[in-house]
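These are my notebook entries on a single chain. I set down what I looked up, entry by entry.

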Amino acid sequence: MTDSKLWGGRFAKSTDKLVEDFHSSISFDQILYKYDIEGSIAHATMLGRQGIISADEAAQLVQALQEILADIEAGHVEFEVGAEDIHMNIEKILTERVGDVGKKLHTARSRNDQVALDIRLYLMAEIEAVQQLLLKMERVLLDLAARHKASVMAGYTHLQKAQPITFGHHMLAYFQMFRRDYERLTDCKKRTNLLPLGSCALATTTFPIDRRFVANELGFDGICENSLDGVSDRDFIVEFINAAALIMVHLSRLSEEIVLWSSNEFGYITLDDGYSTGSSIMPQKKNPDVAELVRGKSGRVFGHLLGTLTMLKGLPLAYNKDMQEDKEALFDTVDTVKKSLLVFAPMLDTMRVNKTKIHDRAKGGFINATDAADYLAARKVPFREAHSIIGQLVKYAEDKGVGLEDLTLPEFQQFSAVFSEDVYDYIKIEKCVAARNIPGGPALPAVEAAIESGEIWLAAQK
């Protein structure tokens, strides 16, 4: 005796319980219920409009689907593992409520194009949600940049002090990273925003459906132009997870700096108690656990990207059951990115920047050495020769245990007669920063211009 599967007509025996449990996706794809019902309402409306079913039947289906949506959101519906997935669960409930009319809903539709539709609707909504969180992050970064546009600090390469910048300039670098993330998602959404419904299993249908009407009903910009591609395309998922992976890269890089800067060795920042944790054994500890956890969570998103690519790489056209594996990877990626952004922005907003300490720590490490070389080059010494002279001068000062600014003029002139008294003003840390008044640079006017540009961009996204 067969079970009551909606596709069970061809089968002479029931699905094995092990297979049923392994095969079922309702435990995770139930998140798509709203989008599945929205798609079914648009499909039923189109069927009635095209005369494929009667107008009364279409109206009955739409009303019943709306009632099912309300019941699900009220917690009155319990999904069944035996019904396999969210699509079959809803169709089963619909048929139980309206009888044979419910069985007409799947006319000119397959689960293949139905699931592709649901995922696209879900992802477009989630892209917008992630973008809103990115905008909040950008707001915090711009505010930090404005508050610290003149807070001098050391810039680093190879995690060694390199040249003087400002804390505001440093924050603006991350502003640019997250701006690109926002724009990547906008681009991803363009390719997600196409209707696959009407592709059916892979070869469309013999019924006179109106795909563009359904696309318009659901807010899509257009339709998938090839039915095989419509049901088998998951590029938009890969694109999104890739964009999400880059968001996590940027969060992880900033997390690493937060961890370093909050340490006693740096002391550049102090995290708010509300965004720190303690130790179960060491009473003095104040740990940057939020930053560390975000840094750690980046790995799971990278894993989802590789897993999705690997799942797709050997699949022939069109749909294959392997593609069920796209959902958990996508859902967890969305969840991870949203939670990370949600907690990260207020952590940044509430941290205290220790301006005196970052200024004082900028004085070591010969970060004015490039400016000393520029001093000579501006006085007609070939830059490569100037570079060599300053390298020797740094070694001399390092052996003495002093900075370049601490050397006497005769000591400078031992290495080049070009040096004069004005070198001391030239290599002051504040002057080193102020001299770099180039678009994109750390000088105050350049930082203020970058903040203004950022404000204009941010306002345009609302």
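**Entry 1. The annotated span.** I began with the UniProt record, an unreviewed entry, which lists residues 366-434 as "domain: Argininosuccinate lyase C-terminal". The coordinates I consulted are those of a predicted model. In them, residues 366-434 are 64% helix and 0% strand. I also looked up the ends of this span, and their C-alpha atoms lie 17 Å apart.

**Entry 2. The chain as a whole.** I then turned to the secondary structure, which comes to 19 helices and six strands. For overall form I took the radius of gyration, which is 31 Å for the chain, whereas a compact globule of 462 residues would have a value near 23 Å. The C-alpha trace spans about 100 × 55 × 40 Å along its principal axes. I noted that 75% of the contacts with a separation of 6 or more are between residues 24 or more positions apart.

**Entry 3. Surface and charge.** Of the 462 residues in the chain, I find that 50% are buried. The accessible surface comes to about 22100 Å², and carbon and sulfur atoms hold 53% of that surface. I looked up the charges next: the chain has 52 positive and 66 negative ones. The mean positions of these two sets are 3 Å apart.

**Entry 4. F366 and N368.** I returned to the listed span, which has residue 366 at its start. F366 is found in the loop between α13 and α14. Its phi is near 55°, a positive value in a residue other than glycine. Is F366 buried or exposed? I record F366 as buried, because its relative accessibility is 17% and the cut-off for burial is under 20%.

N368 has its place in the loop between α13 (355-361) and α14 (369-377). The relative accessible area of N368 is 3%, so I count N368 as buried. Which residues does N368 touch, leaving out those up to four places away in sequence? I list L404, E405, I427, I429 and C432.

**Entry 5. I389.** Within the listed range of 366-434 I also looked up I389, which is found in helix α15 (residues 383-400). With a relative accessible area of 10%, I389 is buried. Residues up to four places away in sequence aside, I389 touches L376, V381, F415, S416 and F419. I then took a distance to Q160, which is 229 residues from I389 in sequence. The C-alpha atoms of I389 and Q160 are 21 Å apart in space.

**Entry 6. N112.** N112 is found in helix α6 (residues 111-147). I count N112 as buried, because its relative accessibility is 17%. How far apart are the C-alpha atoms of N112 and Q413? I find a separation of 79 Å for this pair, which is 301 residues apart along the chain. The residues that N112 touches, not counting those up to four places away in sequence, are C200, A201, V231 and Y319.

**Entry 7. V290.** V290 lies in helix α11 (residues 289-313). Its relative accessible area is 19%, so V290 is classed as buried, given a cut-off of under 20%. Leaving aside neighbours within four places in sequence, I find V290 in contact with Y275, V343 and M347. Of these, V343 and M347 have numbers within the range of α12 (326-350). I set a distance beside these contacts: V290 and D322 are 32 residues apart in sequence, and their C-alpha atoms are 35 Å apart in space.

**Entry 8. Backbone geometry.** I closed with two backbone features. Which residues are joined by a cis peptide bond? L317 and A318 are, and omega there is about 10°. A318 lies in the loop between α11 and α12 (326-350).

The other feature is at E84, where phi is near 75°, a positive value in a residue other than glycine. E84 is found in the loop between α4 (55-73) and α5 (86-98). I record E84 as buried, because its relative accessible area is 4%. I noted beside this that F366, from an earlier entry, has a positive phi near 55° and lies in a loop as well.

Terms used
Residues are numbered from 1 along each chain as its sequence is written. This is a predicted model: local features need pLDDT of at least 70, side-chain atom pairs count only at pLDDT 80 or more; totals for chains, interfaces and linings use all residues. Side-chain values use heavy atoms; hydrogens and water are left out. Helices (H or I, at least four residues) and strands (E, at least two) are DSSP runs, numbered from the N terminus. The radius of gyration is taken over C-alpha atoms; the globule rule is 2.2 Å times the number of residues to the power 0.38. Buried means under 20% relative accessible area, exposed over 50%, partly exposed in between (1.4 Å probe, protein chains only). Contact means heavy atoms within 4.5 Å. Accessible areas come from the Shrake-Rupley method with a 1.4 Å probe; for residues, only the protein chains shown count as cover. Lys and Arg count as positive and Asp and Glu as negative; His and the chain ends are not counted. The place of a charge is taken as NZ of Lys, CZ of Arg, CG of Asp or CD of Glu. UniProt positions are given in the numbering used here, feature names are shortened, and annotations may be inferred rather than shown by experiment.
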